[in-house]
Amino acid sequence: MERYDLIVLGAGSAARDGAKMAAALYDAKAALVESTRWGGSCPNVACKPTKAYLVVAELVHEINTIAERLGIDVGPARVDMARVKARKDSLTKPQPKWVEDLRNEGFDTYAGEAALVDASTVRVGEDELTAERILIATGSRTAIPPIEGIDEIDWLDHVSALDLDEVPRSLLVVGCGAVGLEFGQAFSRFGAQARLVDAAERIAPLADPDASAALAAALQAEGIELATNVFVQRLQQEGDEVVATIAPRDGSEPYERRAQRVLLASGRVPNVEELDLEAAGVETTKSGITVDEHLRTSAPGIWAAGDVTAVAQFTPIAQYQARIAVADMFDEDAPVADYSVLPTAIFTDPELGSVGLTEEQAREQGHDVGVTRNERVKRFQFVGAEHGLFKIVFDRGSRKVLGIHVVSRSAGEIVQGFSLGLRLGATVDDLAMMHHVFPTFGEGVKAAAERTVPSMADLVDSAFMD
């Protein structure tokens, strides 16, 4: 039996950050156990490779839509999917290199399915490992919705879609969250006829409704079909196409849509089935492992971090949670997790970036809510952008900014910068009086703030658009 100070189940962003922190700050002897993908999803099949595809999609779109207007003669751009995939693959670290690097950093690595024998013992094949501390960071995978016939078709998800050598003629995307929207727009720009469906009332259902509507308008203007408030009842293969029976939630007559391929993007499920969590007394819900503000599970000596907790499934949050957990393992006075100011982005074009409360959330929390918005900035004209939003949600009494929601190029960068202002308690007047760079996309937030100041409101359009 091998003994360690810390056993980490998983080798993704949370797992690696947790192990490295434990070794660097607390001189801990740590082992990592991985069954599927060393490095985890983000660098292998999610953040890194998908954003490489989005760069291609944006470039081909700009060549085909605004290059001629800008005076550039290049002819229509076409996507060679095999070459796009080859470049994506060149950006990915080989699996043996991940293991080599981890071992060079002083960690022991075990390949295989981990199972908890008890709260301090892990079995991996014929090996048994023991430690006073265990961090579960096994991540998540694509949820397969309960659709009749889904097991009879060759569906795609964000992993297998990255292995396509050809662009499908048509693509039905089930799910209008970040993954569905990003892939749907990318493949539409690659040349596929894209249709996106979701059971929610609107796309990007966790975003502010006004931001969701602005993004929907931009996508529809590109010819992407969006259908919300609908369920996919049945999928049936007919020749080289899949026939989808789609049922509106209002009870009206179902209808059919055909597509060459179907991409699933309607949610995630935690990777916990093989862990035998009950043996160690670790409580779970349908969404993931239950944790407290220190990332402790219900079993003493076991913590969890990352997607497997389903708290907020983002790579920076996975890393953050791992650090909170490791600090709690080794320090008596460790901080608690705080997600109150969490910037997020959907990397469509335009992007949808958010930080803080939506208008609805602010009202639910009892604030006397004020809202101000701006829909365009001068910079939009240079890139042919026609859809945008810069919305500030604030408390009328204190004037404190509660949330910022942006639909624009670089929206993720914009809300990330303003997140510090929210953390420090900035008011809408602070934003109105700040200096800004012109012409930028981010100045749309200042323009929105100025609309709340009587002496500035009448000057906004001329100041930011002339």
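**Entry 1: two cis prolines**

I started at P439, which is found in the loop between α13 (428–433) and α14. This is a predicted model, and I read every value below as computed. The peptide bond joining F438 and P439 is cis, with omega about -5 degrees. I then went to P350, in the loop between β19 (344–346) and β20 (351–356). The bond from D349 to P350 is cis as well, with omega near 5 degrees. I noted both since most peptide bonds are trans.

**Entry 2: helix α14**

From P439 I moved on to α14. How many of the residues of helix α14 are buried? I found 8 of the 8 in residues 443–450, so the helix is largely enclosed by the rest of the structure. The buried residues include charged ones: E443, K446 and E450. The others in the list are G444, V445, A447, A448 and A449.

**Entry 3: positive phi**

Next I looked up backbone angles. Most residues other than glycine have a negative phi. A204 is not a glycine, yet its phi is positive, about 45 degrees. I placed A204 in the loop between β11 and α7. A204 is buried, at 4% relative accessible area. L295 also has a positive phi, about 70 degrees, and is not a glycine. L295 lies in the loop between α8 (277–280) and β18 (302–304). I logged L295 as buried, because its relative accessibility is 0%.

**Entry 4: P205**

P205 lies in the loop between β11 and α7. Is P205 buried or partly exposed? I have it at 34% relative accessibility, so P205 counts as partly exposed. Leaving out residues up to four places away in sequence, P205 touches C176 and A200. I also checked P205 against A325: they are 120 residues apart along the chain, and their C-alpha atoms are separated by 30 Å.

**Entry 5: the cores**

I turned to I203. Beyond its neighbours within four places in sequence, I203 is in contact with C176, L181, S212, L215, A216, L219, L226 and T228. I203 is also among the residues with the most contacts inside the largest nonpolar core, along with L181, F187, L196, L263 and L352. That core has 38 residues. Which elements each supply at least two residues of this core? I listed α3, α4 (81–90), β10 (170–174), α6, β11 (193–197) and α7 (209–221). A second, separate core has 30 residues, including A19, W38, M329 and A337.

**Entry 6: α3 against α6**

Both helices feed the largest core, and I checked how they pack. α3 (residues 47–65) and α6 (residues 178–190) meet at an angle of about 45 degrees, with axes 9 Å apart. That angle makes α3 oblique to α6. The crossing of α3 past α6 is left-handed. On the α3 side I noted T50, K51, Y53, L54, V56, A57, E58, V60 and H61. On the α6 side I noted E182, F183, A186, R189 and F190. The contact residues divide into 8 nonpolar, 2 polar and 4 charged.

**Entry 7: V45**

Last, I looked up V45, in helix α2 (residues 41–45). V45 has a relative accessible area of 10% and is buried. Apart from neighbours within four places in sequence, V45 is in contact with R37, T50, H158, V159 and L162. T50 also appears in the contact of α3 with α6. V45 and A111 are 66 residues apart in sequence and 19 Å apart in space, C-alpha to C-alpha.

Note on methods: Residues numbered from 1 in each chain as written. Predicted model: local features only at pLDDT ≥ 70, side-chain atom pairs only at ≥ 80, totals over all residues. Heavy atoms only, no water. Axes fitted to C-alpha atoms, helices over the stretch in contact; angles between N-to-C directions. Helix = DSSP H or I, 4+ residues; strand = E, 2+ residues; numbered from the N terminus. Parallel < 35°, antiparallel > 145°, perpendicular 65-115°, else oblique. Left-handed = near helix turned anticlockwise from the far one by under 90°. Contact = heavy atoms within 4.5 Å. Core = buried A, V, L, I, M, F, W, Y, C linked by side-chain atoms within 4.5 Å. Buried < 20%, exposed > 50% of the residue type's maximum accessible area, 1.4 Å probe, protein only.
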